[in-house]
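Q: Could you take a close look at one part of this model for me, starting from a single residue and working outwards? I would enjoy a connected walk through its surroundings.

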Amino acid sequence: MLRFLIRRALGALVIIVLLIALTYFAFFSLPTDPARLACSKGCTPELLAQIRTNMHLNLPIYQQFWNYFSGLFVGQDFGTAGHCAAPCFGYSYNTQSFVWDRIVANYPATFVLAIGGAAIFLTVGVGLGMIAAWKQGKLADKAATAIGLVGQSTQIYFLGPLAMALFVVNLHWLPQPAYIPWTQDPWGCFTGMILPWTVMSVIFWSNYSRQVRSLMLEQLSEDHIRAARAKGMSNTYVWWRYALRGAMAPIITIFGLDLGAVFSGAIITEVTFGVHGLGYLAVIAVNQADLYLELGVLIFSSVSILLFNIIVDAAYGLLDPRVRIG
Amino acid sequence: MTTPTEDTTETDPVLVASATGDGGDKPAALLGRTPRQIAWSRFKRNRTGVVCAFIVIAFILIAILAPVIAGLEGQSPYIPYGLRDPNLLDDFGVPIGANGGMNATHWFGITPTSGFDIFSKLVYGIRTSLGIGLLITIVSSILGIVIGVAQGYLGGRFDYLVGRFSDLLLGLPSQLFYIAFTPVVLNMFVPADRATPVHIRVMAIVIVQAFLGWMATSRLLRGMSLSLREREYIEAAKIAGASSWRIITKELMPNLATTMLVQVTLLLPAMVAAEAGLSFLGVGMVEPTPDWGLMFQDAVHNYQNDLTYLLFPGLSLTIFTVAFSLFGDAVRDALDPKTIR
């Protein structure tokens, strides 16, 4: 197990280094002038020259890359913009701040969004799947499938405003969705995030309910279930302790992957609801052509996804003894 | 008749009975039917599938006939009517009249602020969204098919390297990469300070989405062709001296056709939604091109005072996606009875 994890981690490390290099060269070797992009309003030739020196744009590209790459570990100096401490993802000129600080400032919102949304889509998805398996072929089964299908087919940018119009504007049940740090105001955080959580989770329902349904049906026809029934165990006990447990292992894999995806920024949800998380930051960076900020968000998100994948693999090994040997 | 090959024993007797309409009580005369006919008759019996097929065809027809349909209404998607006629919008830029200014001239009302005609925008928008979605689907499917079959058939080091590469791409936060790299690709073709022509913009979107979207197809086809490669008929073709090219095109591909078709029906609605999502985020198409994503973007800013604007693209996209998914399910069931879930 440990060897497997170490091998996975080393592989991920190689991928991360490759990724940083590829995205860096894609962004900075283009026939665009990053200094001009960074120097937007009231740009004078002197200011442009200064930005160019600060961003080290006069150096050859491979040296620029080395500066950036080493800056991730030991920090980097940005001329008059000041020194950027250890995990240095560069300097964002549009907002006059270091990229790392902005990522740190926006990450809690994404984190809270991901945790809450994941909790909802796991519960609802597995619940729908269980109902469908329980009432197999009956009306409830079809209803669960239909809910999943429609949920999967709606778009967050359609459902989100509809929900806001209903619950915020018309009924006044909830405040305008926004991220309030939960350390400040836990209840405000909950009411501000409940709509983004729910709406984001809708598109995930169908995948889980479908998987859980077929896995449960598969499990219920297995021999050990029949043996348990023959022993006289109650139906509920068999369902929850035997069938669901057997069905959960593949679900955990999908869940881990989805969780990684939402942790790296649920872009459309964040933009629709105005939650200032990582995805929101990425969109701002792209629209303002803020290259360092874009690069920082991309690298940060990719690393967190890769980390998640490793964790998922480890968790899978712990849950399912059959895969532990490999 | 007695040698049971997998396909014929499962389906033929039932179908022969139903085709002759004798209720199956006496052995019907054997009818020769091609797999395509069997699939078609199976598809026709799936009522949901047929209804959804009509809806999908309707969307495609609307996309093709957009100028004619918008011409029926007599409005253009490019004209800001609200700015021309002060009677259409009030001082806050909100359409005057019920339901976002719906009336006989503007069937679905007009947009806030500028007063574009929603009906014509919606109709032309199908063209953009569906067209780009289709292009992405075609390009990424071809990429996925070629790469997947090559991987499965050639195997060895090529398979390993390409497999690692697709793992790498699959492990990335794809949405972030879409939005980050669309401008990058755009910049490759057009310098940042010049206006981008529409077709270049479309091309950039297609390139980025296709590049990040072929992996699911290639994985599926790799697995399929890996198992098919070991079948006897491939071996027979090899012994008969057929070239790799011939084996791939004449022996492998026809057996993969079903999988490919199913994969395409799964990809298309996802890609249409992805295109709309990109434009919604501001990195896809831009004004004045009529596009669903842009309508969402505009409508979301105005949902508090004009919800009807949002409903039209929203419901259209939802109906299209639901119909296409169900249609895809029906196609899959018709082509391969073993995959019924």
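A: Happy to. Let's start with K121(B), which sits in helix 7 of chain B, the helix that covers residues 118-154. Please keep in mind throughout that this is a predicted model. K121(B) has a relative accessible area of 4%, so this lysine counts as buried, the cut-off being under 20%. What surrounds it? Setting aside the neighbours within four places in sequence, K121(B) is in contact with P77(B), F116(B), E287(B), P290(B) and M295(B).

One of those partners leads on to the chain contact. M295(B) touches K121(B), and its number falls in helix 14 of chain B, which runs over 292-301. Before looking at that helix again, here is the contact as a whole. Chain B brings 38 residues to it, and chain A brings 38 residues as well. Between them the two chains bury about 3,400 Å², with 79% of that area on carbon and sulfur atoms. On the chain B side, L176(B), L281(B) and Y303(B) lose the most area to chain A, and together they account for 17% of what that side buries.

How do polar groups enter into this? The count of salt bridges between chain B and chain A is zero. Across the interface there are two residue pairs in polar contact, both at pLDDT 80 or more. As for the elements involved, helix 9 (174-189), helix 13 (244-281), helix 14 (292-301) and helix 15 (307-335) of chain B each supply at least two residues of the side that touches chain A. Helix 15 of chain B gives the most, with 11 residues. Sorted by kind, the chain B residues that touch chain A are 27 nonpolar, 10 polar and one charged.

Two of these helices also carry aromatic pairs, so let's turn to the rings. Over all chains, the count comes to 21 aromatic pairs. In one of them, the rings of F177(B) and F181(B) have centres 5.6 Å apart and planes at 10°, so this pair is stacked. Both residues belong to helix 9 of chain B, where they are four residues apart, about one turn of the helix. F177(B) and F181(B) are both buried.

Helix 15 of chain B holds a pair with the matching spacing: F320(B) and F324(B) are four residues apart there, about one turn of the helix. Their ring centres lie 5.6 Å from each other with 45° between the planes, which makes the pair tilted. Both F320(B) and F324(B) are buried. These two phenylalanines also belong to one aromatic cluster, whose other members are W40(B), F43(B), F59(B), W292(B) and F327(B).

For a contrast with the buried lysine we began with, look at M203(B), which lies in helix 10 of chain B, residues 198-211. M203(B) has a relative accessible area of 36% and is therefore partly exposed. From M203(B) to L135(B) the C-alpha distance is 9.2 Å, although the two are 68 residues apart in sequence.

Finally, a few words on the partner across the contact. Chain A has 13 helices and four strands. Of its 326 residues, 50% are buried. Among the contacts in chain A with a separation of 6 or more, 64% join residues 24 or more positions apart.

Notes
Residues are numbered from 1 along each chain as its sequence is written. Chains are lettered from A and ligands numbered from 1 in the order in which they are written. This is a predicted model: local features need pLDDT of at least 70, side-chain atom pairs count only at pLDDT 80 or more; totals for chains, interfaces and linings use all residues. Side-chain values use heavy atoms; hydrogens and water are left out. Contact means heavy atoms within 4.5 Å. Buried area is the accessible area (1.4 Å probe) that two parts lose on being put together, summed over both. A salt bridge is a side-chain nitrogen of Lys or Arg within 4 Å of a carboxyl oxygen of Asp or Glu. A polar contact is a pair of N or O atoms within 3.5 Å; within protein, one must be able to donate a hydrogen and the other to accept it, and residues adjacent in sequence count only if both atoms are side-chain atoms. Ala, Val, Leu, Ile, Met, Phe, Trp, Tyr, Cys and Pro count as nonpolar, Asp, Glu, Lys and Arg as charged, and the others, Gly among them, as polar. Rings of Phe, Tyr and Trp (its six-membered ring) pair if their centres lie within 6.5 Å; planes under 30 degrees apart count as stacked, over 60 as edge-to-face and the rest as tilted. Buried means under 20% relative accessible area, exposed over 50%, partly exposed in between (1.4 Å probe, protein chains only).
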